[in-house]
Amino acid sequence: MQNTLGGKIRELRQMRGMTQEDLGEKLLMKKSTISAYENDGIDIKCSVIKEIARALHIFPGYFFMEENDDPVISEAVVVLSSIEDEELRRAALDHIRVTSSVRVNFPA
């Protein structure tokens, strides 16, 4: 996972198979603006972060997760966010909830 806001935007955009032009079109922005965001060349307003998050199918808080946060949780957020079908996304979340309540005691 990238450790800057711009790096996280780039990483997610690429994971989604989008070019800077594609993301720019979704956000009604120029490619150069997307490039500047990804290179941490300009500050990004909170309202723009929300728009970028929506375009990349991620919750805005993802961009503020620290590098030392649990990488499995970060990946789970990305994976859940990438499920476009709401019913499937809820089913996946339910599966995580059930799994989290299971306690397995393995013999020593």
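In this predicted model, E38 touches G6, G7, I9, R10, R13 and Q20, not counting residues up to four places away in sequence. E38 is part of helix 3. Its relative accessibility is 2%, so E38 counts as buried.

Two further residues of helix 3 were examined. One of them is K31, also placed in helix 3. At 41% relative accessibility, K31 counts as partly exposed. Residues up to four places away in sequence aside, K31 touches Q20 and E21. Q20 is likewise among the residues touched by E38. K31 and T4 are 27 residues apart in sequence. In space, their C-alpha atoms are 19 Å apart. The other residue is S35, again in helix 3. S35 has a relative accessible area of 21% and is partly exposed. The cut-off for a buried residue is under 20%, so S35, at 21%, does not count as buried. Along the chain, S35 and A76 are 41 residues apart. Their C-alpha atoms are separated by 27 Å.

The chain as a whole is helical in its assigned elements. It holds six helices and zero strands. Read from the N terminus, the order is α-α-α-α-α-α. The C-alpha atoms fill a box of roughly 55 × 30 × 25 Å along the principal axes. The radius of gyration is 16 Å, whereas a compact globule of 108 residues would have one near 13 Å. Of the 108 residues, 29% are buried. Contacts with a separation of 6 or more were also sorted by distance along the chain. Residues 24 or more positions apart account for 51% of them.

The largest nonpolar core has 21 residues. Within this core, the residues with the most contacts are L23, I52, L56, I58, Y62 and F63. Five helices each give two or more residues to the core: helix 1 (5–15), helix 2, helix 3 (31–38), helix 4 and helix 5 (71–82). Helix 4 gives the most, with five residues.

Two of these core residues illustrate the packing. L23 lies in helix 2. With a relative accessible area of 0%, L23 is buried. Neighbours within four places in sequence aside, L23 is in contact with I9, R13, M18, I34, A55 and L56. Among these partners, L56 is also listed with the most contacts inside the core. I9 and R13 recur as well, since both are touched by E38. L23 and T4 stand 19 residues apart along the chain, and their C-alpha atoms are separated by 18 Å. The second residue is I58. Again without neighbours within four places in sequence, I58 is in contact with L12, R16, A53, F63, V77, V78 and S81. F63 is another residue with the most contacts inside the core.

Helix 2 also takes part in a helix pair. The axes of helix 2 (residues 20–27) and helix 4 (residues 46–55) come within 10 Å. They cross at roughly 115°. The crossing is right-handed. On helix 2, the contact is made by L23, K26 and L27. On helix 4, the contributing residues are E51, I52 and A55. Four of the contact residues are nonpolar, none is polar and two are charged. L23 and I52 also belong to the set with the most contacts inside the core.

Two loop residues have unusual backbone angles for their type. L28 has a positive phi of about 60° although it is not a glycine. The loop between helix 2 and helix 3 contains L28. At 81% relative accessibility, L28 counts as exposed. H57 is the second case. Its phi is near 55°, again a positive value in a residue other than glycine. H57 is found in the loop between helix 4 and helix 5. A relative accessible area of 31% makes H57 partly exposed.

Note on methods
Residues are numbered from 1 along each chain as its sequence is written. This is a predicted model: local features need pLDDT of at least 70, side-chain atom pairs count only at pLDDT 80 or more; totals for chains, interfaces and linings use all residues. Side-chain values use heavy atoms; hydrogens and water are left out. Axes are lines fitted to C-alpha atoms, for helices over the stretch in contact, and angles run from 0 to 180 degrees between N-to-C directions. Helices (H or I, at least four residues) and strands (E, at least two) are DSSP runs, numbered from the N terminus. A crossing is left-handed if the near helix is turned anticlockwise from the far one by less than a right angle, and right-handed if clockwise. Contact means heavy atoms within 4.5 Å. Ala, Val, Leu, Ile, Met, Phe, Trp, Tyr, Cys and Pro count as nonpolar, Asp, Glu, Lys and Arg as charged, and the others, Gly among them, as polar. A nonpolar core is a set of buried Ala, Val, Leu, Ile, Met, Phe, Trp, Tyr and Cys residues joined through side-chain atoms within 4.5 Å. Buried means under 20% relative accessible area, exposed over 50%, partly exposed in between (1.4 Å probe, protein chains only). The radius of gyration is taken over C-alpha atoms; the globule rule is 2.2 Å times the number of residues to the power 0.38.
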